[in-house]
Amino acid sequence: MAMLIATLFFQPFQFFLLVLNFEGEMLGSIAERGQGSNAVAALTGPVLVPKRFVWPYGGRYVFLIGSFTRWSAVIPMSPMEGSPTVFQALCSLTPGYHQYLFNVDGQWRHDEQQPFVSGTYGIMNTLYVLKQPDILPAILRAEIAGRSDMEVDNNVSGHVEAIPKMSESDLQASRHHISTFLSTNTAYELLPESGKVIALDIDLSVNQAFHALYEEGVSMAPLWDSHRSQFVGMFSTMDFIQILKEMGNFGTNLTDQQLETHTIAAWREKKSQQCGTDNNARTYPSRFVDAGPNECLKDVALKILQNKVATVPIIHSSSEDGSFPELLHLASLSEILKCICRYFKHSSCSLPILQLPIGSIPLGTWVPKVGESNKKPLAMLRPNASIGAVLSLLIQAEVSSIPIVDLSDSLLDIYSISDITALIQNNAHASINLDECSIHQALLLGPYANYPPWHGPRYHICFRSDPLLNVMERLATPGVRRLVVVDAASRRVEGIVSLSDVFRFLLG
């Protein structure tokens, strides 16, 4: 009788998979299960279809194994940013029938919410991969019964036809439904049942303010003027980075005592004298932008978009003159988008555009095609680019992260404002020169120097074939502000879709 013993040994920085085959029969039987996919490949050529596997049930270390790895190699799965209990892995599979399992902290598991079979060798999940169409379908289903946690790219069901130009009537109908929903729901619905909010006094030093933000794990906070008893603005980690850059505090030995003399109030006064724009053409709101708990979600979203801010404070005052304001919450586009997804997820037929692939609609920023010289280029950098170049590009492009690509424009990493703030918190910025230290060198100085390889990449990707609803759901995840659109085979960067892009498209 054939026997298979598979043991997975975990150590902090490595793992070993030992497969012992007795009589050779079982491995042959398992390999035969993939003959369907091999037969299709033999007839159609080396066709590979990208598939995303998801394990949403937590764990410390999660791995994927299946017939597509010949049951002899495991694929590390990485936790999603903002959702540490959800693990994902992207694989390129041949069309046909596949079986797979998950290994969670050394235990073999299957996902009971996905199709599975029970046979001689235990319970395994199953997946049938259709051939990737030469022409994308006009409408892709948002949900497939029994596969809520398995996101399948380029999934086709039934008749396949060319994508027509987006119907203007469908676009207007979808926008009307979304506008109606946002107009009839208020910011009060964004308030959590419990939590805390942080405000900074303008008499604090910029150094104290930065460390307060970093230790509390937030990127910005409202500013409180105790002399006027009101909120007067916002202070972010990017503001502190800009202050350090202007003071020349990168590569210098400016002490904390010297930094303590620079208060938020003094910085605000300097900015007010620059007529709302700094030397790098970065725009600052001319007034404090806030919202009340009874304002509709549409107005809150428009305030964020029009003022180019990441969040809007929700402030309540019991008096008519606005005195004694109470800070309730910081509203963001991701929270509003989550409300939209939750409301329309099971009635997406009322929003036809949600089923369209993002590559077929005017959404996001894309790499210009040959001959499209009038398009704005997509900001990308090589690993050998300096931190000074990254910082200048972040400020000028008014974005929070930049894709790092190789010579073929394939995605390697993302360098963001949080990486620079980590350098400052670790005091590594005092020993580097912005124009001489490369991105690669800076990552070795930061908290990711010993980043475990099984944690996967620090970025989020999608494909131009992904339905808009899927992209919206990913962007609604806390901490995810943008998705990098890549080619499934080469990982070449094709574009970027951000939260702001989605709302500008949905609201027109």
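Two strands are said to pair if DSSP finds at least two bridges between them. Helices (H or I, at least four residues) and strands (E, at least two) are themselves DSSP runs, numbered from the N terminus. With these terms one can begin at strand 13, where leucine 223 is the bridge partner of leucine 200.

The structure is a predicted model, in which local features need pLDDT of at least 70, side-chain atom pairs count only at pLDDT 80 or more, and totals for chains, interfaces and linings use all residues. Residues are numbered from 1 along each chain as its sequence is written, and side-chain values use heavy atoms, with hydrogens and water left out.

The protein chain contains 14 helices and 22 strands. Of its 508 residues, 45% are buried; buried means under 20% relative accessible area, exposed means over 50%, and partly exposed lies in between (1.4 Å probe, protein chains only). A contact means heavy atoms within 4.5 Å. Among contacts between residues at least 6 apart in sequence, 66% join residues at least 24 apart.

Strand 13 covers residues 220-225, and 5 of its 6 residues are buried, so the strand is largely enclosed by the rest of the structure. Strand 12 (residues 200-201) pairs with strand 13 in the parallel sense, over 2 bridges. Strand 14 (residues 230-236) pairs with strand 13 in the antiparallel sense, over 6 bridges. Within this second pairing, glutamine 230 of strand 14 stands opposite aspartate 225.

Strands 13 and 14 form a hairpin with 4 residues between the strands, and there serine 229 takes a positive phi near 55°. This is a positive value in a residue other than glycine. Serine 229 has a relative accessible area of 40% and is therefore partly exposed. A second residue can be described in similar terms: aspartate 105, in the loop between strand 7 and strand 8 (107-109), has a positive phi near 50°. Its relative accessibility is 37%, so aspartate 105 counts as partly exposed.

The interior may be considered next. A nonpolar core is a set of buried Ala, Val, Leu, Ile, Met, Phe, Trp, Tyr and Cys residues joined through side-chain atoms within 4.5 Å. The largest such core has 47 residues, and those with the most contacts inside it are Leu337, Ile358, Leu468, Met472 and Leu475. Among the elements that give two or more residues to this core are helix 3 (168-183), strand 15 (311-316), helix 9 (333-344) and helix 13 (468-475). Helix 9 supplies the largest share, 7 residues. Leucine 468 touches several residues, including Ile353, Leu356, Ile358, Phe505 and Leu506, when residues up to four places away in sequence are not counted. A second, separate core has 38 residues, and Leu223 of strand 13 is included in it, as are Leu391, Ile417 and Ile439.

The surface completes the picture. Accessible areas come from the Shrake-Rupley method with a 1.4 Å probe, and for residues only the protein chains shown count as cover. The protein chain exposes about 25,100 Å², of which carbon and sulfur atoms supply 52%. Tyr97, Val117, Tyr128 and Leu130 make a nonpolar surface patch of about 340 Å². Tyrosine 97 lies in strand 7 (residues 96-104). At 31% relative accessibility, tyrosine 97 counts as partly exposed. Patches are made of residues with over 30% relative accessible area and no salt bridge, with like charges joined within 9 Å and nonpolar side chains (Val, Leu, Ile, Met, Phe, Trp, Tyr) within 5 Å. A salt bridge is a side-chain nitrogen of Lys or Arg within 4 Å of a carboxyl oxygen of Asp or Glu.
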